[in-house]
Amino acid sequence: MTTLLDPTLEIRCMQYRHELHLPASIDPTSRHILLHIGAHYGAITMPAELGERVRQRLEQAAIGGPVVAHPRAKRWTFLTGPYRPDALTAAVSAELFRMYATVACTGSQVVLPSPDDEHTGYRTWIRPPEPANTRPPLTAVIEATRAIGARESRAR
C-alpha cells in the first residue's frame, strides 16, 4: 500500500532540502517533516522565555540561526552546528536540565514546521533558516544558555 502525501508537505520538504540545505525527510505515518540530528546538525530545546534571551544574545554576537517555536508547549528549538559528545559533560547537562533545556543527541530527530503546522500555529519559525546554511555552533548556544541561566539564578 502506498501512502499519499500532501503535495504541499512534499513541496515544503523539497524547499528545506534544495533551497535551504536542510537534509529533511517526511515521515509518512506522522506526516511530519524531520531533520536528523548528527554529523551536520544539532539542536537544543528550551522554554520560550529563555529562548528569546538566548536568541537576542546570539544575534548580538552575529551568530544567530534558525529557531523553531512550539507555541502550545511554550518551547523553542535552536538548530545548530553538529552535536559533539565532548560539548556536553554531565555537569553541563545537569545545569541545562535545571533550566528545562535539552540537547538533542545524535540519531534523534527534530520536527520542522510544515504548512499545516504554520497554519494552525502548532509549530512556526521564530527565525527561519537561510539559504546560506548559517547556524551557530552548538557550544555557542549552550554557553549563551548557561550564561543567561547563571545571571538569572544570581538575581534571585
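**Entry 1: a pair of threonines**

I started in the middle of a sheet, where Thr 45 stands opposite Thr 77 in S5. I keep in mind throughout that this is a predicted model. Thr 45 made me curious about its own strand, so I looked up S3 next.

Strand S3 covers residues 42–47. How many of its residues are buried? I found 5 of the 6 buried, so I noted the strand as mostly covered, taking buried as under 20% relative accessible area.

S3 has a partner in strand S5 (residues 75–80); the two run antiparallel and are joined by 6 bridges. I also found S3 joined to strand S6 (residues 102–103) by 2 bridges, again antiparallel. On that side, I wrote down Ile 44 with Val 103 in S6 as its bridge partner.

**Entry 2: strand S4 and its partners**

From S5 I moved on to strand S4, residues 67–70. Are its faces covered or open? Both are covered: Val 67 and Ala 69 are buried on one side, and Val 68 and His 70 are buried on the other.

S4 and S5 run antiparallel, with 4 bridges between them. His 70 is a good place to see this pairing, as it stands opposite Arg 75 in S5. The two strands form a hairpin, and I counted 4 residues between them. In that turn I met Lys 74, which has a positive phi of about 55 degrees.

S4 also pairs with strand S8 (residues 124–127), through 3 bridges and in the antiparallel sense. Here I followed Val 67 across to its bridge partner in S8, Arg 127.

**Entry 3: a sheet of three strands**

Next I looked up an open sheet of 3 strands, and noted its order as S1-S2-S7, with antiparallel pairing. Which strands stand at the edges? They are S1 (24–27) and S7 (109–112); each has a single partner strand, so one side of each is left without a neighbour in the sheet. The twist from one strand to the next averages 40 degrees.

I then checked one pairing in detail. S1 and strand S2 (residues 32–36) are antiparallel and share 4 bridges. Within this pair, Ile 26 stands opposite Ile 33 in S2.

**Entry 4: helix H3, side by side**

I turned to helix H3, which spans residues 90–98, and asked which of its residues are buried. My list reads Val 92, Glu 95 and Leu 96. They cover an arc of only 95 degrees around the axis, which means they lie on the same side of H3. I then looked at the face turned away from that buried side, and there I found the exposed residues Ala 90, Ala 91, Phe 97 and Arg 98.

**Entry 5: positive phi angles**

Most residues other than glycine have a negative phi. With that in mind, I took a second look at two loop residues.

Tyr 100 follows H3 and sits in the loop between H3 and S6. Its phi is positive, about 65 degrees, although it is not a glycine. Is Tyr 100 buried or exposed? It is exposed, with a relative accessible area of 60%.

His 21 also has a positive phi, of about 60 degrees, and it is not a glycine either. I located His 21 in the loop between helix H1 (7–19) and S1. At 41% relative accessibility, His 21 counts as partly exposed.

**Entry 6: the cavity**

I then looked for enclosed space, and found 1 cavity of 30 Å³ or more. Its volume is about 40 Å³. Which residues line it? I wrote down Leu 20, Leu 22, Tyr 41, Pro 66, Pro 129, Glu 130, Asn 133, Thr 134 and Arg 135. By class, this lining has 5 nonpolar, 2 polar and 2 charged residues.

**Entry 7: from Asp 116 to Glu 130**

My last look-up was Asp 116, which I found in helix H4, residues 115–120. Asp 116 is partly exposed, at a relative accessible area of 47%. How far is it from Glu 130? The two are 14 residues apart in sequence and 21 Å apart in space, C-alpha to C-alpha. Glu 130 was already in my notes as one of the residues lining the cavity.

Conventions. Residues are numbered from 1 along each chain as its sequence is written. This is a predicted model: local features need pLDDT of at least 70, side-chain atom pairs count only at pLDDT 80 or more; totals for chains, interfaces and linings use all residues. Side-chain values use heavy atoms; hydrogens and water are left out. On a 1 Å grid over the protein atoms alone, a cavity is a set of points where a 1.4 Å probe fits but cannot get out, and a pocket is an open set with protein on both sides within 12 Å along at least five of seven lines; lining residues have an atom within 4 Å of a point. Grid points are joined across faces, edges and corners, and a volume is the space filled by probe spheres set on the points. Ala, Val, Leu, Ile, Met, Phe, Trp, Tyr, Cys and Pro count as nonpolar, Asp, Glu, Lys and Arg as charged, and the others, Gly among them, as polar. Buried means under 20% relative accessible area, exposed over 50%, partly exposed in between (1.4 Å probe, protein chains only). The arc is that of the directions from the helix axis to the C-beta atoms. Two strands pair if DSSP finds at least two bridges between them. Axes are lines fitted to C-alpha atoms, for helices over the stretch in contact, and angles run from 0 to 180 degrees between N-to-C directions.
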